Amino acid sequence: MPVERRTVRSGSHARALLARRIRSAPQLIARVARQRLPALPLLPGAARRVVATGIGSSAAQAALLAHLLSEQHEVEARAVPTGALLTPWRGAERDVLVVFSQGLSPNARLALHDPQRWLLVIVVTAVPRPRDAARRQALAAVRRAGGVVIAVPGGAERGLLLRVAGPLAATALSLRLA
């Protein structure tokens, strides 16, 4: 069984796993830089705004994307808490929703509960082909609605409370998307 799936029981194992993840950072960023991003099915001017969301460290990638789109590209964009998307979003049919979630947590999946109401949904996640049914169903609904799933290199990062690769790779993807 790979070390990423094993529960870390001792401090020395945890330190070794953390050190390995930190050492892999340059290669991870290089992978993101080379990663082929899918074509986004939008015509210029089709979207009113980009709405980005995420929970925990993923909220930082959402905020970065919204800031860069707004300040550097003059695209109307805003980062919102995932909970704000539980009620009907006025004008969603003209907006692009971008959801950052390394592991597609239940809280993050709340934002994906009705993907067909959005002009386009983009999911940035480390689990683009999940094994469990709930995550699989959420991504299948996004794809059926014409949405796009972008894989974050680095995996789900099991074994430590602290995630290193996913937030780093998702931040680099946020820069690339902008």
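**Reading the sheet from strand E1 outwards**

Tutor: Strand E1, which spans residues 49-54, is mostly covered, since six of its six residues are buried. Bear in mind as we go on that this is a predicted model.

Student: Which residues of E1 point one way, and which the other way?

Tutor: Arg49, Val51 and Thr53 point one way, while Val50, Ala52 and Gly54 point the other way, and all are buried.

Student: What makes E1 and E3 count as paired strands?

Tutor: Pairing asks for at least two bridges between the strands, and six bridges join E1 to strand E3, residues 95-100, so these two are paired, and they run parallel. In this pairing, valine 51 has leucine 97 of E3 as its bridge partner.

Student: What makes E1 and E2 count as paired?

Tutor: Three bridges join E1 to E2, which also meets the requirement of at least two, so E1 and E2 are paired, and they run parallel. Here valine 50 stands opposite alanine 77 in E2. Between these strands the chain passes through helix H3, residues 57-73, in a β-α-β crossover that is right-handed.

Student: Why is this crossover called right-handed?

Tutor: With the strands pointing away from the viewer, the path from E1 over helix H3 to E2 runs clockwise, and therefore the crossover is called right-handed.

Student: What is the order of the strands in the sheet?

Tutor: The sheet is open and has five strands in the order E2-E1-E3-E4-E5, with parallel pairing. Strand E2 (77-79) and strand E5 (148-151) each have a single partner strand and therefore stand at the edges, with one side of each left without a neighbour in the sheet. On average, and with direction ignored, neighbouring strands of this sheet are turned by 15° against each other.

Student: How do you know that E5 is paired with E4?

Tutor: Four bridges join strand E4, residues 120-125, to E5, and because at least two are needed, the two strands are paired; they run parallel. Valine 124 stands opposite isoleucine 150 in E5.

Student: Why is valine 121, which lies in strand E4, called buried?

Tutor: The cut-off for buried is under 20% relative accessible area, and valine 121 has 3% relative accessibility, so it counts as buried.

Student: Which residues does valine 121 touch, leaving aside those up to four places away in sequence?

Tutor: Valine 121 touches Leu97, Leu112, Pro115, Val142, Gly147 and Val148. As for leucine 97, its C-alpha atom is separated by 4.7 Å from that of valine 121, although the two residues are 24 residues apart along the chain.

Definitions and conventions:
Residues numbered from 1 in each chain as written. Predicted model: local features only at pLDDT ≥ 70, side-chain atom pairs only at ≥ 80, totals over all residues. Heavy atoms only, no water. Axes fitted to C-alpha atoms, helices over the stretch in contact; angles between N-to-C directions. Buried < 20%, exposed > 50% of the residue type's maximum accessible area, 1.4 Å probe, protein only. Contact = heavy atoms within 4.5 Å.
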